[in-house]
Amino acid sequence: MAIRMPRIMQAKQILRQSRLFANQAMDVPKGYFPVYVGESQKKRFIVPVSFLNNPSFQKLLSVVEEEFGFNHPIGGLTIPCREEVFIDLTSSLH
């Protein structure tokens, strides 16, 4: 299941509007964005924007949107899954 372009644009818009993202933008290289991962304790990861085009990452974003919506109180994109799951997924995308 692929994520449609409007959902990607929503995620990018959230990242742009986020005060936290704006404050931390200096330590995020161009072509990357921060993602907060974890069920209770959130850990910050910096991932390439190219992940937004990957079907596996799109599916993860789709599941997150369906379950939690795009209201991310931390400010950046928040993925409430176990860190191990996120690391397994993203390590296969490189």
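In this predicted model, helix H4, which spans residues 83–91, has Phe-86, Leu-89 and Thr-90 among its residues as buried positions. These three cover an arc of only 90° around the axis, which puts them on the same side of H4. What covers the buried residues of H4 includes strand E1 (32–37), strand E2 (43–48), helix H3 (55–68) and strand E3 (77–79). Phe-86 also appears among the residues with the most contacts inside the largest nonpolar core, to which H4 gives two or more residues.

**Overall arrangement**

- The secondary structure of the protein comes to four helices and three strands, and from the N terminus on these elements follow the order α-α-β-β-α-β-α.
- Of the 94 residues in the protein, 43% are buried.
- Among contacts between residues at least 6 apart in sequence, 57% join residues that are at least 24 apart.

**The nonpolar core**

- The largest nonpolar core has 17 residues, and those with the most contacts inside it are Phe-33, Val-35, Val-37, Val-47, Phe-57, Ile-79 and Phe-86.
- Two or more residues of this core are given by each of the elements E1, E2, H3, E3 and H4, and the largest share, four residues, comes from H3.
- As a general background to such a grouping, nonpolar side chains in soluble globular proteins tend to be buried together.

**Strands and their pairing**

- Five of the six residues of E1 are buried, so this strand is largely enclosed by the rest of the structure.
- E1 and E2 run antiparallel and are joined by six bridges; one of the pairings places Pro-34 with Ile-46 in E2 as its bridge partner.
- The hairpin of E1 and E2 has five residues between the strands, and in this hairpin Gly-38 takes a positive phi near 145°.
- E1 also pairs with E3, here in the parallel sense and over three bridges, and Val-35 stands opposite Leu-77 in E3.
- Val-35 is, in addition, one of the residues with the most contacts inside the largest nonpolar core.

**Helix H3 and its ends**

- At 1.5 Å a residue, the 14 residues of H3 should span 20 Å, and the end C-alpha atoms of the helix are 20 Å apart, which agrees with that expectation.
- The buried residues of H3 are Phe-57, Gln-58, Leu-60, Leu-61, Ser-62, Val-64 and Glu-65, and Phe-57 is also listed among the residues with the most contacts inside the largest nonpolar core.
- At the start of H3, a side-chain oxygen of Asn-54 reaches to within 2.8 Å of the backbone nitrogen of Ser-56.
- Just after H3, Gly-69 takes a positive phi of about 75°.
- Phe-68 has its place in helix H3, and at 45% relative accessibility this residue counts as partly exposed, because the buried class ends at under 20% and the exposed class begins at over 50%.
- Phe-68 and Ile-79 are eleven residues apart along the chain, and their C-alpha atoms are separated by 9.0 Å.

Key: Residues are numbered from 1 along each chain as its sequence is written. This is a predicted model: local features need pLDDT of at least 70, side-chain atom pairs count only at pLDDT 80 or more; totals for chains, interfaces and linings use all residues. Side-chain values use heavy atoms; hydrogens and water are left out. Buried means under 20% relative accessible area, exposed over 50%, partly exposed in between (1.4 Å probe, protein chains only). The arc is that of the directions from the helix axis to the C-beta atoms. Contact means heavy atoms within 4.5 Å. A nonpolar core is a set of buried Ala, Val, Leu, Ile, Met, Phe, Trp, Tyr and Cys residues joined through side-chain atoms within 4.5 Å. Two strands pair if DSSP finds at least two bridges between them. The expected span of a helix is 1.5 Å times one less than its number of residues. A polar contact is a pair of N or O atoms within 3.5 Å; within protein, one must be able to donate a hydrogen and the other to accept it, and residues adjacent in sequence count only if both atoms are side-chain atoms.
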